[in-house]
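Hi everyone, thanks for coming along. I'd like to walk you through a structure that may be new to you, so please have a look at it first.

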Amino acid sequence: MAYEAAVSNVAASNGAEVLSDHICTAGRHGGGWTVRTSTGRSIVADFVVWANGRIDVARDLPFRCHIDRLVGDVWCAYAPVLTSVPDGVVHVDSLPWGWMYALASPKGVLSVTLFTEGDQKVTPSQRETLLEESLTIAPSVSALLRDVQVKLEYRGRHSAVSCFRGTSRGVGWIAVGDAAQTVGPLSSSGIGVATANAVHGAESRLEMLAGDGAALARHELVRRETYASYLRSRAAYYAMERRWTSEPFWQRRQSASVLAAALNSGGRSPARPIS
Ligand SMILES: Cc1cc2nc3c(=O)[nH]c(=O)nc-3n(C[C@H](O)[C@H](O)[C@H](O)COP(=O)(O)OP(=O)(O)OC[C@H]3O[C@@H](n4cnc5c(N)ncnc54)[C@H](O)[C@@H]3O)c2cc1C
């Protein structure tokens with residue numbers, strides 16, 4: 001929140017009018033947009049930069065192509081003993097059905113996240129059983145938990161999918177950050193990728209306003225190259241695990257066809273994940 005407040009202050013000090021309304025709907029009209037907000041405001045705009053993260057509010061934007069259906073189940077515990085452990089050590093283990101990590105904050109909050117393919121609903125007891133089974137074959141995370149002897153409490157399931165919008169620009173709009181594409185947690189670069197893409201998108205919009213009609217097309221090209229590079233690196237990291245090459249989770253991620261299929265999807269949403 002402090003970061004968002006700082007960004008709002010910079011925008012306001014550079015002449016932007018900052019509204020804290022929630023956007024409820026957004027639809028095309030003629031060449032522009034009508035955006036309706038939670039306070040009943042109706043805003044007409046000839047150009048919108050969509051920077052609203054993973055959940056679309058605008059109708060009519062091209063679909064996002066889902067590369068996978070990764071989800072993360074998160075457990076936390078307070079472990080005061082961990083305040084003496086060096087900050088920033090991430091304990092990672094791979095599993096036949098996914099991978100997991102544990103991380104302690106400097107204030108002693110331990111979080112454990114188990115990543116799996118989220119294509120099936122699981123009951124709370126199935127989830128706890130899977131965590132227990134995972135810990136029996138996750139040497140790094142289980143060693144940390146053994147040392148601290150705490151009871152983990154479940155904190156919820158989060159989407160961690162990699163997805164790519166077929167195009168991030170059209171007449172009167174661009175989408176930036178997670179609204180354009182998302183990267184998986186193994187890359188540990190969601191904020192970096194989203195920020196770099198948003199800064200480049202904003203600069204391209206300014207170039208367009210200054211009369212450069214090709215600026216957004218160049219921006220889209222950079223975005224596609226960046227995402228292709230992410231997918232290559234994602235495949236290379238997942239390919240390093242050789243123990244479970246016949247397991248569906250690993251097969252889907254080690255397939256060479258992912259890159260071509262994702263970037264050639266043209267914004268259509270496949271019925272099933274590509275990988
Ligand atoms: C559980 C989880 C853990 C993550 N951990 C990491 C990590 O450790 N490191 C890392 O680099 N990345 C991490 N990521 C990814 C990272 O959070 C995102 O890639 C990054 O925040 C994307 O930035 P963004 O600005 O595009 O979208 P967001 O951060 O989602 O920001 C979108 C903004 O739009 C606003 N908004 C949305 N809808 C509306 C609406 N209808 N009206 C008005 N405002 C709206 C939201 O309130 C928000 O302020 C994680 C993601 C998840 C889900």
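Let me start with a term: a residue is near a molecule or strand if its C-beta atom, placed from the backbone, lies within 6 Å of it. With that in hand, 18 residues surround the ligand, and I23, G53, G177, G190 and I191 come nearest. Before going on, a word on the source. This is a predicted model, where local features need pLDDT of at least 70 and side-chain atom pairs count only at pLDDT 80 or more, while totals for chains, interfaces and linings use all residues. Residues are numbered from 1 along each chain as its sequence is written.

Which helix gives the most to the shell around the ligand? That is α4, residues 190–209, with 4 residues. Helices (H or I, at least four residues) and strands (E, at least two) are DSSP runs, numbered from the N terminus. Domain 1 (1–46) and domain 3 (169–275) each bring at least three residues to the shell; the domain bounds come from an automatic or database assignment.

Now the chain as a whole. Its secondary structure comes to 7 helices and 14 strands. Buried residues make up 27% of its 275 residues, where buried means that 20 or more other C-beta atoms, placed from the backbone, lie within 10 Å of the residue's own.

Next, a sheet. Three strands form an open sheet in the order β5-β11-β14, with antiparallel pairing. At its edges are β5 (64–66) and β14 (181–182), each pairing on one side only. Two strands count as paired if DSSP finds at least two bridges between them. Strand β11, residues 163–165, is joined to β14 by 2 bridges, and C163 has T182 as its bridge partner there.

Finally, the nonpolar cores: sets of buried Ala, Val, Leu, Ile, Met, Phe, Trp, Tyr and Cys residues joined through C-beta atoms within 7 Å. The largest has 17 residues, of which M100, A102, L110, V112, F115 and V141 touch the most other members. At least two residues come from each of β6 (70–78), β8 (98–104), β9 (109–117) and α3 (139–148), and β8 gives the most, with 5. A second, separate core of 10 residues includes C65, I67, C163 and A194. So we meet C163 again: the bridge partner of T182 is also a member of this second core.

How values were computed. Buried ≥ 20, exposed ≤ 12 C-beta atoms within 10 Å, placed from the backbone.
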